[in-house]
Each structure stands twice: as C-alpha cells, then as structure tokens.
Amino acid sequence: MFIPVYRYMRKSDIEIILDIERSSNSYPWTKKNFLDCLEKNYYCLVQEIQKEVSGFAIQSIAIDESHLLNIGVKKNYRRKGFGEEILNQIILSSKVMGCKKIFLEVRTSNIRAIKLYEKKGFRKVDISKNYYKLREGKEDALIMIKRLRGNWKTFLFGDRL
C-alpha cells in the first residue's frame, strides 16, 4: 500500500483536478471555480501517491467553522481508502486552524460518501432541496456536520491531561 503525501494545490494542478472532478460529478466544477478558490486562499489540498495527483479537497474556513466544498479521488485510487485519508487531513487541518465544526453537503444518492462521513463522525442535520444541478434536473443535498471537540491542549496531548 502506498502512503499518500499532501501539499497545497497549485495552478499547474488544475487540469488534473478537473479530470478527477469530471469523472466524479455529472455537473462538475469549472476551471474558474478552482482558480477562484486558489485566489480566495481557500484551503486547497492535493493528495499525491508516488508523485501522481490522486485526489484533492477544498475547504473554506470562516472564524471557527470549516466548510468542505469539494473532495475527489482519481478513478484508479477509489475504494482503496484514499478518500478517507483526504477526509482525515481535512479534519486534522480544521482542528489545527481552530475550527469547532465542519459542515458539508452531499448528494442524497451518494450512499458511499454518506457512509464514509458517518464513519468519521459527521451527522445529518438537514436537507437542502434541489441543491445539486444534474443534466436531467436537480438533486437534494444532505447537510452534515461534525463537531470538533476539545481545545489545543486536548488536540496535542489527548486525554493524558
């Protein structure tokens, strides 16, 4: 098993990220969406396996709240735990940046993602009707939230205090 490496997204990554995005979503983000995230200094994470881009995640941070905006894994790396690895990095970065909670939207039909989010401690809090555009209409989104416990002391030292 390969160990992923993480780094900040660069403009030169956008074409590869777009390929991942297009293979994941029927109504994918555009190049401009990704460039805007970089320009606005959102937390744009790239996952690499053996120096190949294998996935990405984008989150915005506002005061003490994190919003996972987009996450994707390259087709040949799916169902191997790499999506969970990226999500773990997002959770860790949210804690390090002082966030008290993370929230996200997920398609109601994306059962695999919903199960992963629940496994990582996210819970369903609401439904946003007609949130996602589809080629043949719209789809509802589940709004999920994960509360991040503790403060910097418990983050660094755990329950040993």
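These legends walk you through four close-up views of a predicted model.

**View 1. The largest pocket and its lining.**
Start with the open space: the largest pocket holds about 1300 Å³. Its lining is made by 37 residues, and those nearest the centre are Asn 25, Ile 71, Asn 110, Ala 113 and Tyr 117. Helices H1 (14–24), H3 (82–96) and H4 (111–119) each give two or more residues to this lining, as do strands E4 (65–73), E5 (101–107) and E6 (123–134). Which element gives the most? That is E4, with 7 residues. Sorted by class, the lining has 17 nonpolar, 11 charged and 9 polar residues.

**View 2. Strand E7 and its two partners.**
Here you can follow E7, residues 137–147, which runs antiparallel to E5 and is joined to E5 by 7 bridges. Look for Leu 104, which stands opposite Met 144 of E7. E7 also pairs with E6, again in the antiparallel sense, over 8 bridges. A hairpin of 2 residues connects E6 to E7, and Leu 134 has Gly 137 in E7 as its bridge partner. Between E6 and E7 there is also a salt bridge, from Lys 129 to Asp 140, with the closest N and O atoms 3.4 Å apart. Lys 129 belongs to E6 and Asp 140 to E7, so this pair ties together parts that are 11 residues apart in sequence. Lys 129 is exposed, at 60% relative accessible area.

**View 3. A buried salt bridge between E1 and E2.**
Side chains of opposite charge can pair when their charged atoms come close. In this view, the side chains of Glu 48 and Arg 7 form a salt bridge, 2.9 Å from N to O. Glu 48 sits in strand E2 (residues 43–49) and Arg 7 in strand E1 (residues 5–8), so the pair links distant parts of the chain, 41 residues apart. Are these two residues buried or exposed? Glu 48 is buried, with a relative accessible area of 14%, and Arg 7 is buried too, at 16%. Asp 13 joins them in a network of salt bridges.

**View 4. A salt bridge along helix H2.**
Now find Asp 36 and Lys 32, whose side chains meet in a salt bridge at 3.0 Å, N to O. They are 4 residues apart in helix H2 (residues 31–39), which means that about one helical turn separates them. Lys 32 is exposed, at 57% relative accessibility, while Asp 36 is partly exposed, at 22%. In total, the structure holds 13 salt bridges.

Note on methods
Residues are numbered from 1 along each chain as its sequence is written. This is a predicted model: local features need pLDDT of at least 70, side-chain atom pairs count only at pLDDT 80 or more; totals for chains, interfaces and linings use all residues. Side-chain values use heavy atoms; hydrogens and water are left out. On a 1 Å grid over the protein atoms alone, a cavity is a set of points where a 1.4 Å probe fits but cannot get out, and a pocket is an open set with protein on both sides within 12 Å along at least five of seven lines; lining residues have an atom within 4 Å of a point. Grid points are joined across faces, edges and corners, and a volume is the space filled by probe spheres set on the points. Ala, Val, Leu, Ile, Met, Phe, Trp, Tyr, Cys and Pro count as nonpolar, Asp, Glu, Lys and Arg as charged, and the others, Gly among them, as polar. Two strands pair if DSSP finds at least two bridges between them. A salt bridge is a side-chain nitrogen of Lys or Arg within 4 Å of a carboxyl oxygen of Asp or Glu. Buried means under 20% relative accessible area, exposed over 50%, partly exposed in between (1.4 Å probe, protein chains only).
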